[in-house]
Every structure is written in C-alpha cells, then in structure tokens.
Protein chains: 2
Amino acid sequence: MADRPDLAAMMARLTRVLMNAERPVLESHGVSMWGYVVLSALADEPMRTQAALARAIGADKTRIIADLDDLQERGLIEREPDPADRRVRLLRLTAAGRKLHQAVRTAIRAEEERLLAGLTSAQKQLFLRILQDLDPGTR
Amino acid sequence: MADRPDLAAMMARLTRVLMNAERPVLESHGVSMWGYVVLSALADEPMRTQAALARAIGADKTRIIADLDDLQERGLIEREPDPADRRVRLLRLTAAGRKLHQAVRTAIRAEEERLLAGLTSAQKQLFLRILQDLDPGTR
DNA sequence: TATTGTTATACTCTATAACTATA
DNA sequence: TATAGTTATAGAGTATAACAATA
C-alpha cells in the first residue's frame, strides 16, 4: 500500500471493529443499533414528527417504524398524536428510556476507551476533536 | 449528545461521506469499490489463491468472483491456474492494472485531501497516524 | 390536493449450501 | 477424501412505491 492504506478503508475497518465490539453491549441491554440511535437522538431533544427523527439520524422514515414500535411497547419512548395535527406523532423519551440510554451509553463509552487504550490522553483528545470537526452530524 | 456523539456514529458518518465522494471517482474509472480493493491488494503483493485474496481484503471468497471476472476480461489482472496445482489461480496485476490502480488511487487521495482540507497539516498527519495505529488492517 | 405515518414490494448486498474440477 | 473455485439459493438490510388517515 506504498505509504498508507486508503482513508476510507481504514475508517471502514475501524467502524466495523467498533460495531462488533458494541454489538454484545447493545444485545445485553436488549436494544438494536437503530433503537439505540433513536434513544440517543431523543435524549438530545424530543421530536415533533417521525420524519424529522429519521432525517436527524440519517435513516429512511420507513426504516425506523419497527424500532419505534418496539421502544414504545417497552415503555422507553412516548409517541402520541399531536392534538393540533393528528397526523404527526410527538416523540420523547420516558424516564425509563432515558435511564436505559444512559446505561448503554456508559457501556459504549467503555468500549470506545478500550479501542483507544493504546493512545496517550493527548492523542485521544486530539483524535476525538478532529473527528467532531469533520463530522457532518455534529449539529 | 451531552459532550460528544458516539465514536462509532461519527466514524460511520464520515465513512459514508467519504464513500459518497469517492463513488463518482470509481465510476469514472469504470471500477467497482470491490474491484478497486482487489487492485489495491494485488498492487501490494500478488496472491496465490482467491481465498487468500478474499481473506486479505475481508471479503467472502464467493463475493469477489464477479469482480475478478470483470477485471480479468478487461486485462487488468492475470489469473492463471498454477501448473503445480491446477485448482488454484495465481493472481497478479497486469501493467494496465497497475496503471489504473495508481490513477484511481491518486484521484481518491485528492478526495481525501478535500475532506481533510479544514485541518492544519500537523493535525492531518496526526489524524492519519492515529488511524494507522488503530487500524487492524495495517500489516 | 398535500402531508404523516404505515404497509407492501422490490432491490442490493452478503452469507450458506450445493456443485465441479482437481488433488 | 479433501480443497479451490464456482454457481445457486436464501437471508438481512435497505429503498421505492402504494395506501390510509388527516389536514
């Protein structure tokens, strides 16, 4: 590879490693990847429509419906028709949902720390800062 | 997201952005993503079996066959039975294949530069270095 | 008529299993 | 019988299109 592998190749491999490490964490809490992403978005701020939520997390609106069904059945999110416009569903975390999200997030942070364990604390900070700067999803 | 988005979320988003930016580059050279990955691996070193190549690039052996067919038909790789064991196929780039790989790689490096344009040269170097250190694919 | 959410369908990608040809 | 490569089949994930409810 001459000097270094392609950036996309390295990023894709690392993403896969991370996701593989996090899968058991998610499973142990009984939540799917998209379920966790939904919880994260709603932990950030409640949403007025499912379409807005889907857009916020970069998913298709049809793709998150099953996850919303599941999260709602388990009492992790509330999803009630807006009285002012009964087509839209107001979405927000329940107390249980917020608690679960925080628990999963803490466990995931621990996995991230494991992946970055070889870096000095200065390198770690710099790496994360650069990623945030490049990240189009950081609002 | 409290302090920062999850690492996996940032990595996945960035990977997607990169791949979207690179897709037109690959298309303009008439090569698929896996085709380019194959060319990259063979540019690194010839392979004695397709299974070894598949393993090297993290793909299933059945998944790369169509790409190998295509690359061979276009004279970009050689793929001849080993006289010593006619079950295995010896794989290597042709001169044309090496030339195409270098052209695509150069174009992809340009896209990478665009993504990283906001960073100082020191940040850029550090970022790439850290990625290489974390990358399990760096042999 | 336009929009939100939902369901149904199709398409892409990948993995698994079955087959051939060599050894 | 075991292995490399190939083809065929099935499964998961995703996107597209059609539909029902509401405005």
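**Exercise 1. In what pattern do helices and strands follow one another along the sequence of chain A?**

Solution. The model is a predicted one. Start with the inventory: chain A contains six helices and two strands. Reading along the sequence then gives the pattern α-α-α-α-β-β-α-α. For the overall dimensions, the C-alpha trace of chain A spans about 60 × 25 × 25 Å along its principal axes. Of the 139 residues in chain A, 42% are buried. Last, take the contacts in chain A between residues at least 6 apart in sequence: 53% of these join residues at least 24 apart.

**Exercise 2. Check the length of helix α2 of chain A against its number of residues, and state where its buried residues pack.**

Solution. Step one: helix α2 covers residues 33-44 of chain A, which is twelve residues. Step two: the expected span is 1.5 Å times one less than the number of residues, so the helix should span 16 Å. Step three: the C-alpha atoms at the ends of the helix are 17 Å apart, which agrees with the expectation. Step four: list the buried residues of α2(A), which are G35(A), Y36(A), V38(A), L39(A), S40(A), A41(A) and L42(A). Step five: find their partners. Within chain A, the buried residues of α2(A) pack against the helices α1 (7-28), α3 (50-56), α4 (65-73) and α5 (95-115), and against the strands β1 (77-82) and β2 (85-93).

**Exercise 3. Describe how helix α6 of chain A crosses helix α1 of chain B.**

Solution. Step one: the axes of α6 (residues 121-134) of chain A and α1 (residues 7-28) of chain B come within 10 Å and cross at roughly 50°. Step two: classify the angle. Roughly parallel requires an angle under 35 degrees, and roughly perpendicular one of 65 to 115; α6(A) and α1(B) are therefore oblique to each other. Step three: the handedness of the crossing of α6(A) and α1(B) is left-handed. Step four: name the residues that meet. α6(A) contributes F127(A), L128(A), L131(A), Q132(A) and L134(A), while α1(B) contributes L7(B), M10(B), M11(B) and L14(B). By type, the residues of this contact divide into eight nonpolar, one polar and no charged.

**Exercise 4. Is L116(A) buried or exposed, and which residues is L116(A) in contact with beyond its sequence neighbours?**

Solution. Step one: place L116(A) in the loop between α5 and α6 of chain A. Step two: its relative accessible area is 0%, so L116(A) is buried, the limit being under 20%. Step three: leaving aside neighbours within four places in sequence, the contacts of L116(A) are K124(A), F127(A) and L128(A), together with L7(B) and L134(B) from chain B. Step four: for one of these partners, F127(A), the separation from L116(A) is eleven residues in sequence and 9.6 Å in space, C-alpha to C-alpha.

Terms used
Residues numbered from 1 in each chain as written. Chains lettered and ligands numbered in written order. Predicted model: local features only at pLDDT ≥ 70, side-chain atom pairs only at ≥ 80, totals over all residues. Heavy atoms only, no water. Helix = DSSP H or I, 4+ residues; strand = E, 2+ residues; numbered from the N terminus. Buried < 20%, exposed > 50% of the residue type's maximum accessible area, 1.4 Å probe, protein only. Contact = heavy atoms within 4.5 Å. Axes fitted to C-alpha atoms, helices over the stretch in contact; angles between N-to-C directions. Parallel < 35°, antiparallel > 145°, perpendicular 65-115°, else oblique. Left-handed = near helix turned anticlockwise from the far one by under 90°. Nonpolar A, V, L, I, M, F, W, Y, C, P; charged D, E, K, R; others polar.
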